[in-house]
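Me: Please present the structure, and then let us discuss its contacts, helices and core in turn.

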Amino acid sequence: MSSDENSLKHASGPYFGQFGGRWMPESLMAAMDELNDTFEKAKADPDFIAEIRELNANYSGRPSLLTEAKRFSELACGGVRVFLKREDLNHTGSHKINNVLGQALLAKRMGKTRIIAETGAGQHGVASATAAALMGLECVVYMGAEDTRRQALNVARMQLLGATVIPVTVGSQTLKDAINEALRDWVANVENTHYLLGTAAGGHPFPAMVRYFHEVIGEEAREQILAQTGRLPDAVTACIGGGSNAIGIFHGFLDDPEVELYGFEAGGDGVDTDRHAATITLGRPGVLHGAKSYLMQDEDGQTIESHSISAGLDYPGVGPEHAHLAEIGRVNYEPITDTEAMDAFKLLCRTEGILPAIESSHALAGTIKVAQRKLAAGADPAQTIIIANLSGRGDKDVGTAAAWFNLIDEQTAAKEQ
Amino acid sequence: MTRVSSAEKIAAARAAGRPALIGYLPAGFPDVPTSIEAAVALAENGVDIIEIGIPYSDPVMDGEVIQQATTAALAGGFKVNQVFEIVRGITERTDAAVMVMTYWNPVLRMGVDEFSRRFAEAGGAGLITPDLVPDEADEWLAASEKYDLERVFLIAPSSSPERVARTVEASSGFIYCVSLMGVTGARSEVSAAAQSVVDAAHAAGAQNACVGLGVSRREHVEQIGSYADGVIVGTALVAALRDGGVPAVGALAAELSGRA
């Protein structure tokens, strides 16, 4: 274990190396200060911690399982042992519930009656609508108009849960524009409204706070792998859009230098094309949505529209803590193309009977690559262990996948969605 | 070419017994030459300080009208370095102080020092920075000192007294008092919060406190002018330019300044 001084797992912000901070309008500073104070007090309050534990155990269904994927290991990874951290089994179907329950509790502590959220794939929107329903808060979700078409079932799900979904028709009509609209709403309604940001990005305290609520993923995974195998894994993999599921599972292993950490970004059509969302691989430092981090931008500092088959990874920025972990070399970040992700999606369906989210399929594709490299380097597969964070389930992606694999024609897919 | 500061223009207006009038237009809307002509029309019709906005892909403090104009400018191929050509085009033809309003990432991308140097060379007076707070502005503080540029930060109705004090201390030229909690856009009435924001700025030692957001009519200018040192109009001018071209901008500026 590293000494406290060198510990990476509890980095508190506002800065992570040169990244992070609060690059945002003065109008929101008071709300950010209030949120920070409330969060710091809550973290030190045994009642709050007990409340979170109770919700995690009896509402979300935590701890989530750690499942050894034996057939996937055999058929795709040359026998390297692959364990899946089953965030797909959480209530609402992804890791997102961890963060929304925590932030919704904070909203109530601040006396706010309304939450707003952005969503890409719809997972965070559904989770936010769920938390709002559970806690009796009004909920408005901003979603890029293009994403409302790609994820129409999730729109209906949010509406069934009582949320109002506002399609965003400005800019590229995807996640980044949904965040812009949510910020505009927040500036105007900050008195009664909490902005429930869904990823480990944004101005301080969001990156550190969102990580805090997801740390349970890494803590559980660490205990579970020790219990099941008696040792730490050789590598941990996760997909990265903004990076909340990844920072959550990495947290459990950041201070174990022998554990390699891998974040897999959306490579879209390939990083040699201009259609991808490989922010760390190809981006440059900049400021967007409140934080300094890597950013897909042109030579004028204008944000470049990202592309991915996975709406949840289709974001041109990334959380500042990831930018720092990339810069210091603690985590390896690599792109995975749409094709690689969809191949891995199908493999997991066929070998394990688990339908992964397309987001999480990027982590699976990366896991296959890491396993192959280990084998090429002469590792004994039976003695090699990788944990992949299965951040969400793929029910929402059935239409996209069916169209990708030509199971139904596109018109039917559109209707199904 | 002489560089005129916003502080000088505000002092001159004060000496004449009126608030300074500050007019916003986006760079490159509808195209670069027209944005210069429109700014010149502002200056010729009583606007003291011209605020040129750099179109940006993620303008979180802007409402629909300005978003549409800046999106159109970007779609028309606007490049950030053209802002220097626009500033020069205005300062060569008017004696207005020319400020640039910009979200921070385009400046970071070019390099804060390089942007500041080229902007000063073009005759610019200073920058208005809606998503940069003094807490993150070390690089800009250094560059603005080096090139003698004014730093206009914003304060809002939600700003704590400590933040107002800190922001006033970091600002030069004037302090931008956001009149309401919201984004840019014309409103029929000026927010009641505006005066308390100005009072807080003055109490913290600001010499020049100017009010923006939601200001669109001559009566607003008069009302705000009774307690503030300057009045900032944006969306109404952008809508005039969109709907009636340069003549409409000139006519609205004349009305706002009380010349019409």
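Me: How many residues does each chain bring to the contact of chain A with chain B?
Reply: This is a predicted model, in which local features need pLDDT of at least 70 and side-chain atom pairs count only at pLDDT 80 or more, while totals for chains, interfaces and linings use all residues. Residues are numbered from 1 along each chain as its sequence is written, and chains are lettered from A and ligands numbered from 1 in the order in which they are written. Two residues are in contact if their C-beta atoms, placed from the backbone, lie within 7 Å. On this basis the contact takes 26 residues from chain A and 32 residues from chain B.

Me: Which element gives the largest share of the side of chain A that touches chain B?
Reply: Helices (H or I, at least four residues) and strands (E, at least two) are DSSP runs, numbered from the N terminus. At least two residues each come from β2 (19-23), α1 (29-43), α8 (175-189) and β11 (284-288) of chain A. The largest share, six residues, is that of α8(A).

Me: How are α13(A) and α14(A) oriented to each other?
Reply: Axes are lines fitted to C-alpha atoms, for helices over the stretch in contact, and angles run from 0 to 180 degrees between N-to-C directions. The axes of α13 (residues 338-352) and α14 (residues 358-376) of chain A come within 7 Å and cross at roughly 90 degrees. Because angles of 65 to 115 degrees count as such, α13(A) is to α14(A) roughly perpendicular.

Me: Which residues of α14(A) meet α13(A)?
Reply: From α13(A), the participants include F345(A) and L348(A). Their counterparts in α14(A) are I358(A), S361(A), H362(A), L364(A), A365(A) and I368(A).

Me: Which residues have the most contacts inside the largest nonpolar core?
Reply: A nonpolar core is a set of buried Ala, Val, Leu, Ile, Met, Phe, Trp, Tyr and Cys residues joined through C-beta atoms within 7 Å, where buried means that 20 or more other C-beta atoms lie within 10 Å of a residue's own. The largest one has 227 residues, and at least three residues come from each of domain 1 and domain 2 of chain A. Those with the most contacts inside this core are C177(B) and A201(B).

Me: How far apart do the C-alpha centres of domain 1 and domain 2 of chain A lie?
Reply: Bounds from an automatic or database domain assignment divide chain A into domain 1 (25-58 + 95-206) and domain 2 (63-93 + 215-416). Their contact takes 28 residues from domain 1 and 34 residues from domain 2. The C-alpha centres of these domains lie apart by 23 Å.

Note on methods. Parallel < 35°, antiparallel > 145°, perpendicular 65-115°, else oblique. Buried ≥ 20, exposed ≤ 12 C-beta atoms within 10 Å, placed from the backbone.
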